[in-house]
Amino acid sequence: MKSAPLHKNEQQRLLTLKHYEVLDTPAESMFDDLTDLASRICGTPISLVSLVDSNRQWFKSRVGIDAEQTDRSIAFCSHAILQKDVFEIPNALDDERFNDNPLVTNAPDIRFYAGAPLIAPDGSPIGTLCVIDNKPHQLTEDQKQALRILSRQVITQLELRLTNRQLKRAAKEREHFFTLLAHDLRSPFNAILGLSERLANTAETLTPQRIIKSAHGILSSSIRAFTLLEELLQWSQLQIDQKQLTISSEQLRPLAIQSIDFLSDAINLKQLTIDNHIPRDLLVLADGTLVKTVFRNLLSNAVKFSPEKGTITLCATGDENTIEVSVQNTGEPIRPSAAQQLFKNAVDSTQGTQGEDGCGLGLMLCQQFINRQGGCIWLDSDFTAGTKICFTLPSPAKPALH
């Protein structure tokens with residue numbers, strides 16, 4: 001038996017599969033109808049919508065078989081996703097790749113297999129629509145074309161299913177989000193208007209120190225208002241547009257530096273020290289724009305909750321599979337009651353060490369952005385010298401073929 005090698009773009013392929021939010025979900029008639037139709041057209045007792053995960057093939061829909069999944073190492077579909085067209089094995093006993101495969105020598109006694117790859121819009125093959133028989137078989141050209149058409153319909157249904165789930169989530173968040181936003185936008189704009197009016201009316205009589213203080217107040221409120229508006233645009237893009245990610249190998253340190261520079265005025269205002277320990281040559285497999293958004297949100301929170309002259313520290317380590325990043329700040333730890341709500345939804349805002357307002361949306365955005373790139377994010381509850389948020393992203397290191 002010969003196991004299939006990994007796909008040349010395996011990390012991207014797995015990210016795309018995870019993006020569909022379909023693994024380990026219950027059976028759905030939209031997919032069952034397609035497998036039933038494939039089985040009838042091709043004249044086979046078994047048909048599957050098989051999704052190839054990192055270590056298994058999992059069946060979203062199945063006809064004629066009870067198993068819900070098998071190991072990837074023995075999966076015919078692991079070979080099929082490496083093809084651009086229908087992958088057909090007329091008689092597995094005559095093929096050295098499969099003649100001693102447990103799926104051939106034992107139940108379900110596969111002899112014939114034909115699988116059309118399920119190719120997502122970004123070109124990633126996430127699985128197959130396959131038909132199987134326990135006796136030798138061969139498809140006609142019309143049957144192969146039907147299998148190709150049905151495989152495209154599987155992808156269409158996955159896209160529609162994902163869009164529907166995303167719209168439901170957006171509707172659930174919308175009311176609470178806009179309530180928070182309406183409240184929190186008033187605060188910085190009121191501050192900007194009030195300070196600007198006072199400065200315009202009394203500038204001639206104010207001391208230079210008072211003018212500088214008022215200018216800093218206007219700047220701080222402007223930064224907060226801009227950040228809130230940016231979060232609104234980010235949220236809208238994520239929940240409504242659901243743009244395709246642009247995943248590539250990115251240097252992590254420059255993304256962090258650009259985010260630090262973006263917040264430099266707020267950092268200088270509190271006289272904070274930034275210790276950036278992210279290695280210069282460390283790479284991640286990610287969407288650079290989304291990673292910068294995550295950094296900006298985490299750094300903005302770190303600035304907000306750091307005491308004057310405090311320290312914010314960025315670190316990153318990794319191996320050939322995963323990069324782990326942390327952003328930590330000195331100061332009081334997050335309250336246990338607030339910690340339980342982090343990342344779950346748009347939580348009520350909490351004032352910073354100098355009364356800075358916030359809408360509580362940023363960490364929810366961070367979680368969704370990190371999850372979409374195949375990572376996870378969490379609060380390090382063991383860190384007691386302040387707050388430490390960690391997240392992971394895939395490493396661009398090429399997996400070893402086997």
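**Figure 1. Helix 9 packs with helix 11 at an angle of about 150 degrees.** In this predicted model, helix 9 covers residues 288-305 and helix 11 covers residues 362-372, and their axes lie 9 Å apart. The angle is over 145 degrees, which means that helix 9 runs roughly antiparallel to helix 11. The crossing of helix 9 with helix 11 is left-handed.

**Figure 2. A closer look at the residues where helix 9 and helix 11 meet.** From helix 9 come Leu 290, Thr 293, Val 294, Asn 297, Leu 298 and Asn 301. Facing them from helix 11 are Gly 362, Leu 363, Cys 366, Phe 369 and Ile 370. By type, this contact holds seven nonpolar residues, four polar ones and no charged ones. If the spacing of the names looks regular to you, here is some helpful background: an α-helix has 3.6 residues a turn, so residues three or four places apart point the same way.

**Figure 3. Helix 11 and its surroundings.** How many of the 11 residues of helix 11 are buried? Nine are, so helix 11 is largely enclosed by the rest of the structure. The buried set is Gly 362, Leu 363, Met 364, Leu 365, Cys 366, Gln 368, Phe 369, Ile 370 and Arg 372. After helix 11 comes Gly 374, with a positive phi near 85 degrees.

**Figure 4. Ile 370, a buried residue of helix 11.** Ile 370 has a relative accessible area of 0%. Setting aside neighbours within four places in sequence, Ile 370 touches Val 294, Gly 375, Cys 376, Ile 377, Phe 391, Thr 392 and Leu 393. One of these partners, Val 294, belongs to the helix 9 side of the contact shown in Figure 2. Another pair to look for is Ile 370 and Phe 391: they are 21 residues apart along the chain, with 7.5 Å between their C-alpha atoms.

**Figure 5. Ser 151 in helix 5.** Helix 5 spans residues 141-202. Is Ser 151 buried or exposed? With a relative accessible area of 5%, Ser 151 is buried. Beyond its neighbours within four places in sequence, Ser 151 is in contact with Ala 116, Pro 117, Leu 118 and Leu 129.

**Figure 6. The whole protein, as a setting for the close-ups.** The protein has 11 helices and 13 strands. Of its 402 residues, 49% count as buried. Contacts between residues at least 6 apart in sequence join residues at least 24 apart in 71% of cases. The exposed area is about 19,400 Å², of which carbon and sulfur atoms supply 51%.

Notes
Residues numbered from 1 in each chain as written. Predicted model: local features only at pLDDT ≥ 70, side-chain atom pairs only at ≥ 80, totals over all residues. Heavy atoms only, no water. Helix = DSSP H or I, 4+ residues; strand = E, 2+ residues; numbered from the N terminus. Buried < 20%, exposed > 50% of the residue type's maximum accessible area, 1.4 Å probe, protein only. Contact = heavy atoms within 4.5 Å. Areas by Shrake-Rupley, 256 points an atom, 1.4 Å probe, with all protein chains shown as cover. Axes fitted to C-alpha atoms, helices over the stretch in contact; angles between N-to-C directions. Parallel < 35°, antiparallel > 145°, perpendicular 65-115°, else oblique. Left-handed = near helix turned anticlockwise from the far one by under 90°. Nonpolar A, V, L, I, M, F, W, Y, C, P; charged D, E, K, R; others polar.
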